[in-house]
Structure formats: structure tokens, C-alpha cells
Amino acid sequence: MAKREPSISTKNLTAVQLMELDSCVRCGECVKWCPTYAASGEKPGLAPRDKILRWRQYMNKSYGLKAKLFGPQEIPDEELQEFKDDVHGCTTCGICSTVCEAGINTVELWESMRANLVKKGIGPYGKQNMFPKLIGQYHNPYMKDQKDRLAWVPEDVKIENKADIVYFTGCTAGYNQLALAFATSRVLNKLGVKFAMLGEDEWCCGSALIRTGQAHINNVPYELAKHNVEAIQKRGAKKVLFACAGCFRAAKVDWPRLLGKELPFEVVHVSEFLAGMIKEDKIKWVKPVNKTVTYHDPCHLGRHVGVFDAPRYVLSHIPGVKFVEMDRVKEFQRCCGAGGGVKAGIPDLALGVAESRVKDAVETNADILSSCCPFCKRNLMDGRDALNVDMVVEDVIELVAEALGLETK
Amino acid sequence: MAYFSGLTDALRMTFVQIMILSAIAVVIFLYGMMITFQKWGAGVTGYALEPQEGKRGSAITFLKTWWNQVTEESHHGHGKPLLEVLILDILFQRRILKRSPLRWFMHILIFGGWMTLFALSGLMFAVEMTHMVGIELPFTPYMFREWLSLPNYIFGYILLIGVLIALVRRLFVSEVREASIMYDWVLIGVVFLVTISGFLADGIRTGIIWDFGLDPSIAPPAALFHSVISLIFCIAFIPFSKYIHIIAIPLALLANKGGE
């Protein structure tokens, strides 16, 4: 009789990640902080430690001592399907990693588990499976024409053909959240910063594919990263500005990894760039923004790559702004709920998390809930609308534009 | 040479016999670690890769992958210097302190007590071995054991306090109790058993505090029981239980440069 094969493989899971499964002592800190676990009404399967426990059991059943002696134990398909649902019910916000006493890199663990299951034909979740086709074919997830990449650019905005600085708009800001693109381009013009854009040569950053475990499908993220890097190089850029936290994280962490080399330019978030200009006293504010403003750290900008202070520095230097913090900020921030494919895959869960975050903001009595990511903005606006709260949700760059007397429409 | 424990005078364990038991425990531990390293080594060697066709997990693969991750630069910008990770995250356990001072206090007592007692036992073993091979020391193994009795008591009590806090938490804090599974209970149960049996064995032998009026003649079997379960649970059982965290967590912290 042929020896039974293990029900799971170790594809995408590194040797260190398999070790991390055994380093979880089930202290429960991740459970206390997990935003989707809380928003789901504490569904046990969504608890990070439960996911680690289950995959550890799968590993032991497949590759442990008993499996070595008596052969692998079968894991029913329904169980793996249920696990798939749970591992996709995560925004990959990374709070579980921040509070993990064993220092487990959970975000990459979830992404590896997702990819592993997708390779087995289990997952991703719901509409997420459209990403590879859409992004592969259209080079953006919104099925928009690449020729329209710069269709939003107003007449007053001046873009160079080549420049030391490239502004990478991102699909969401370039097609749907135009206020962010208007504000960024006008602010740069106003500050005398010459910049180029990629136009139809700008392809999706690939973040959605990587986060949902679909990076391997037709190698799309690699192609996207390669194309974008080459296009940026052709523009002669030494520095690339990102106003989207998701694109920024992808360029900073995922692109070098996909390409296997460091990028030939500096990757900078626009908030870092503006903070630098303020420090050099290069910004002359035009009018005050007399509002109380709180700030939501996007996971991809904050916890994932450690940019916490620059947006706060910018906000606190805008004249008239009274800056207030929410309870959970910086590395302990509560996710907006949109990331990790949850907005596309499980919109109700995304909305539930967004509502929790908007409630955090309401407690500060702020007039404006600001952030540095169009995706966060979208979901926080949905959360605000669901709660029927009278609060403006705006990107930091929009507030900067306002203080410089610029339009964002 | 007669060892300190046994079932009866006639069945007193010899040094050689206890060494054989120890060796068996170490062999089981090493075999378990090999299986565990092979299980970990079934993983891939880098982010988003696939295992090589037909290649089985190997300890070498695991160690190489781990070392590569330890030495590579982090793209996330979270990386801390390894010495800092070693001292503050592994030895001082600051990640636990940041989350819960009580849990840190409990764990540092268990960690400090356990590791020191382990080290003292190692010292005692080294002295006995030195004596066995005929190297002259300015003191006898018996004298050395007496010197160690005070630090053994101190660290034994440190361990006991930590274990009791852990047990009370797990038994009486509802959110901890309700989330506990056998994996957790076995670890704390075993640590409690080993700790208490050590106090009992010593108390019966010396007649101080922990003898509970028991006949001193049962001191040798009590000591034997403590020795055997210590060897089984503190060495042989590590790769097959939640004890594995004492190896996996330091390795994970080093690989992730202290974590986020």
C-alpha cells in the first residue's frame, strides 16, 4: 500500500516560520488586541493564537514524530476550508506581532499560510480571487484603462517628463480617491518641487496580491515590481514619493524582495518628505486650519515599516490645528479594517473594524479624523457613515493643501 | 560509588546507574530535537519559496535558514542589535514585561529559578565527575553539595513562588482558565510536580519544613523519584511538549531581531 501523503505541504512556509509555530506559548496577548477578532464578536477561529495552534497541529499530524512512525494523519478538507476562512479574516495589520511575547512575525506567517493554501487550491476568499486576473490584465484592480492614469490631472498641475522625484500615485488615489492625488500634486507644485509621474507606465504595486497569498499566480507581482522599477528609472528618479501607505509598504519591503535586490532609488512617504521640508523651514503656510484633528496610523505605514512620527510632525505644524491622539496609537493602533484583502473579501468584517476605529476617534472629540492612506480613508468613511457620525475623514496631505490655500477638487 | 538515592539500601542507585538514566534522557532529548529540527527544516529556505521536489526536511536546512535570517538585514526597519536582543529580550524578557508586569514577574521567577537550579546541578555534576576521574580538588563532592544547599534553597523557593503564581492564574483567572488546553496544563503541571518533589525529597532527608512528618527512611526513594522525573520532564520531554518554547522563543527572537 502506498504511503499516505501529508494533507498539507510546507510551500511558502519558511523553516523559521515553522519554528515560530512552536514558539507560541498561547499567552493570549494577540487575542486581546486583534481587531477582527473583536469586530467579529470574538469568533474563536479568528484569534491569532488559535490559527497558530491549528497549523502547529497540522504540522505535527503531517511531519511530527507520530507521522514519522505511523505515517501522516489525514486532515479533513472541510477543516482546511474553515481554516482558510479564518486566516483570510485578518487585515494583516500586525498588532499580533507587536504584542507577541515570542516576537513572531505573524503578518508574514499569515501571508505564507494563505499562499500555501491557495497553492493547494483552497482560497483565497470570495472576490479576492479576481485580483490576479484583473491586475494581470488591467494592471490595476479597478478594471480602468491604463491610458486614463493621468486623466485626473488638472490643468494647473505641472508634471515634468523627467525629474529627480517621481510621485507614484497608486491605483486607489489615481482612479477613485482623486482628492489625494489633487492635493499631493498641487502641494508639490506649490512647494516648488519638480516631479515626474509614470502615467500609463504606472502599474499596480501588487500589494493586494501579496497580502492575499496570490503572489505566485502568473508571477504578477514580480512583473509589476519589475515594470514599475524600470519605469521609475527611465524617469531618472532618485526619490519616489508615495501618498498611499499600501503602495509605500509594497515598494519598501515587497519590491526588493520580489526582485532580489535593493531598489536604485529612495522610497519615501509624502509625510516624511513634508516633515523634512518643514524642518528645513521651506513651507510657508497660507491659512490656518482651525480644527481639532486626530490621526489614524495606517498599518502599512506605521507598524509595517515604522513611520509614526512624520505625519504627526506635519499635522502639529499646520497652523490652527489642535492635534489630539486617540487611545490606541502608533504601534498599538487599531486597524481601520480595510487591509489584507478583507475589504474586498469580507466587507462586513471590514466595516465592523472601521466602526470601532471611528468610535476611537469620536472619543477624542476631534473634528477631523486624518490618515495617510486612501484605503484607510475609504473604510473609515464607510465606518463613519454606518455610525452616522458627524466627522470629516481627510488625508494629512489634504489638510496640508488646505493650509497652503490649495484646492483638493 | 553509592549515589544519594535508591529504593532501599540494598537497591541504592550507583553513580553509574544514574548516569545511564541521564544519558537515556539526553538521548531522548536529542532524538526529539532532531525530529523537531527536521520538522522545522521541512520548511522552505526563504520568503515565498517552495520546497525542493522529493527533498525531506533536514536539521541542516533549518539551521541554515535560521542563520541566514539572523544575519540578513531587515527591510522593515524593526531590527535590533543581536546583543540587545540576547540580553533584553531573551534574558530579561522585556517583551513580557511590556505586556504584563505580573506575568513577567511570574515568568522571570520560573526562568531564573529553573535555569539557576539547572546550572547548580551541572556544577555539582562537574565536581563529581572531576572527583571520579581522580583529579584532586580542595574540597570533596560532599562538601560542595553542602555549600550548594543554600543557593539551592533560595532558587528553589524563587521557582516555587513563580510556579504557584502560574498555577493560581491558570486555575482562578477565568479568561486564562477558559483558554487553557491540555498543552498548557501539562507544562505547568509537570513543572509543579518536579518542583514540589524536589522540596519533599530534601525535606524528608533533612527533616526541615517539607518533611510533613514522613519517615526519613523514604528519603532515598523520594530523591530517586525527583531525579527520575526531573530527567524525564526537564530534559527528555522538552521537544515533545510546550517546553519546546524554551528553545524556540530565543531562536525566533534572534531570527526576527527582537520582533516588531
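**Exercise 1. Which pattern does chain B follow, read along the sequence?**

Solution. Start with the conventions: the model is predicted, local features need pLDDT of at least 70, side-chain atom pairs count only at pLDDT 80 or more, and totals for chains, interfaces and linings use all residues. Residues are numbered from 1 along each chain as its sequence is written, chains are lettered from A and ligands numbered from 1 in the order in which they are written, and side-chain values use heavy atoms, with hydrogens and water left out.

Step 1. Assign helices (DSSP runs of H or I, at least four residues) and strands (runs of E, at least two), numbered from the N terminus. Chain B has 10 helices and 2 strands.

Step 2. Put these elements in sequence order: the pattern is β-β-α-α-α-α-α-α-α-α-α-α.

Step 3. Along the principal axes, the C-alpha atoms of chain B fill a box of roughly 60 × 45 × 35 Å.

Step 4. Classify each residue by relative accessible area (1.4 Å probe, protein chains only): buried is under 20%, exposed is over 50%, and partly exposed lies in between. Of the 260 residues in chain B, 43% are buried.

Step 5. Count contacts (heavy atoms within 4.5 Å). Among those in chain B with a separation of 6 or more, 61% join residues 24 or more positions apart.

**Exercise 2. Find the residues that touch the most other members of the largest nonpolar core.**

Solution. Step 1. Build each core from buried Ala, Val, Leu, Ile, Met, Phe, Trp, Tyr and Cys residues joined through side-chain atoms within 4.5 Å. In soluble globular proteins, nonpolar side chains tend to be buried together.

Step 2. The largest core has 85 residues, and A:Phe168, A:Ile232, A:Phe242, A:Trp255 and A:Leu274 touch the most other members. Helix α14 (residues 245-259) of chain A supplies the largest share of this core, 8 residues.

Step 3. Apart from this core there is another, of 78 residues, which includes A:Val25, A:Leu46, B:Val85 and B:Val191.

Step 4. Take A:Trp255 and leave aside its neighbours within four places in sequence: its contacts include A:Phe168, A:Cys205, A:Ile232 and A:Phe242.

**Exercise 3. How many disulfides does the structure hold over all chains?**

Solution. Step 1. Search for pairs of cysteine sulfur atoms within 2.5 Å, the disulfide cut-off. The count over all chains is 0.

Step 2. Inspect A:Cys244, which is in no disulfide: the nearest cysteine sulfur belongs to A:Cys247, 3.6 Å away. A:Cys244 counts as buried because its relative accessibility is 9%.

Step 3. Repeat for A:Cys336, also in no disulfide, where the nearest cysteine sulfur is that of A:Cys376 at 3.8 Å. With a relative accessible area of 3%, A:Cys336 is buried.

**Exercise 4. Describe the interface of chain A and chain B.**

Solution. Step 1. Count residues: 53 of chain A are in contact with 46 of chain B.

Step 2. Compute the buried area, the accessible area (1.4 Å probe) that two parts lose on being put together, summed over both. The result is about 4,200 Å², with 55% of it on carbon and sulfur atoms. On the chain A side, A:Met19, A:Asp22 and A:Glu101 lose the most area, together 16% of what that side buries.

Step 3. Count salt bridges (a side-chain nitrogen of Lys or Arg within 4 Å of a carboxyl oxygen of Asp or Glu). There are 6 between the two chains. One salt bridge joins B:Arg99 and A:Glu29, with N to O at 3.2 Å.

Step 4. Assign the chain A side to helices. Those that each supply at least two residues include α1 (15-23), α4 (48-63) and α8 (106-120), and α1(A) gives the most, with 7 residues.

**Exercise 5. Is A:Trp285 buried, partly exposed or exposed?**

Solution. Step 1. Locate A:Trp285: this residue is in the loop between α15 (270-279) and β5 (292-295) of chain A.

Step 2. A:Trp285 is partly exposed because its relative accessible area is 23%.

Step 3. Check a distant partner: A:Leu404 is 119 residues away in sequence, yet the two C-alpha atoms are 5.3 Å apart.

Step 4. Look for a polar contact (N or O atoms within 3.5 Å; within protein, one must be able to donate a hydrogen and the other to accept it, and residues adjacent in sequence count only if both atoms are side-chain atoms). The A:Trp285 side chain reaches the backbone oxygen of A:His317 at 3.2 Å.
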